[in-house]
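Hi,

Here is the structure we talked about. Have a look, and then read on for what turned up in it.

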Amino acid sequence: MFPAINQMQINLPADITFAAGLKTILRQDPDVILVGEIRDEETARIAIKSALTGHVVLSSLHATDASSALYRLIDMGIEPFLIASSLVGVVGQRLVRKVCPSCAAPYEPTSQERASYDSLGGPAKDVFVRGTGCNYCSNTGYRERVGVYEVLAVTDEIRELMTSLGSPQAMRALAVSQGMRQMGAEAMTLVAADVTTIDEVLRNVYVS
């Protein structure tokens, strides 16, 4: 329970949309605004204007990866210079299933799986494990899930590339050159720690 927090729900029959709710919230002069999801241009534009006027705005957005989120906002109709001026950072997230500890057993990955593991920078590893299926995991071989993340910090160079309408590939390459650890590499460290499997990573994590 956090002190000094007010929450309002979206109610479409009452015409309380994300955009209308955000406008109402701004009249109360909050320090931090959490928008459940940016779905359209109007909501995105109000959120960005809120950030430009000194508010901390947190929200979620559907995109392939962290760098693609910037171009998702452009697709919504937001001008690149506004995005560059207001955005501080993007966290990309995917969820992967964890190997069931009750039935985990060694196995030999296929040559394609091993190639993917090596190409994504997986640490040296001789023994891989996966769940064989048991009553605890309903014979799936997996129990629970864990997050895989990548963090894109919006630097001056990224802002410059954004305003000059650089390609998504160039944006991602620049972010990686400045230290962004990609989700694929992060996911393979979980494989190396026997937390998940190569197949699960390739199925759920965007691999460039």
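Below are some notes on the nonpolar cores and the aromatic rings.

A heads-up: this is a predicted model, where local features need pLDDT of at least 70 and side-chain atom pairs count only at pLDDT 80 or more, while totals for chains, interfaces and linings use all residues. Numbering runs from 1 along each chain as its sequence is written, and side-chain values use heavy atoms, with hydrogens and water left out.

The largest nonpolar core (buried Ala, Val, Leu, Ile, Met, Phe, Trp, Tyr and Cys joined through side-chain atoms within 4.5 Å; buried is under 20% relative accessible area with a 1.4 Å probe, protein chains only) has 29 residues, and Leu70, Val90, Leu152, Ile158 and Met171 touch the most other members. Helix H3 (66-75) is among the elements that supply at least two residues each, and H3 gives the largest share, five. (Helices are DSSP runs of H or I, at least four residues; strands are E, at least two; both are numbered from the N terminus.) Beyond four places in sequence, Leu70 is in contact (heavy atoms within 4.5 Å) with Ile83, Leu87, Val90, Ile158, Met162 and Met171. A second, separate core has 14 residues, including Tyr107 and Leu190.

Now the rings. The whole structure holds one aromatic pair (Phe, Tyr or six-membered Trp rings with centres within 6.5 Å; planes under 30 degrees apart are stacked, over 60 edge-to-face, the rest tilted). Tyr117 and Phe128 have ring centres 5.1 Å apart and planes at 85°, so the pair is edge-to-face. Both Tyr117 and Phe128 are buried.

Cheers

How values were computed: Buried means under 20% relative accessible area, exposed over 50%, partly exposed in between (1.4 Å probe, protein chains only).
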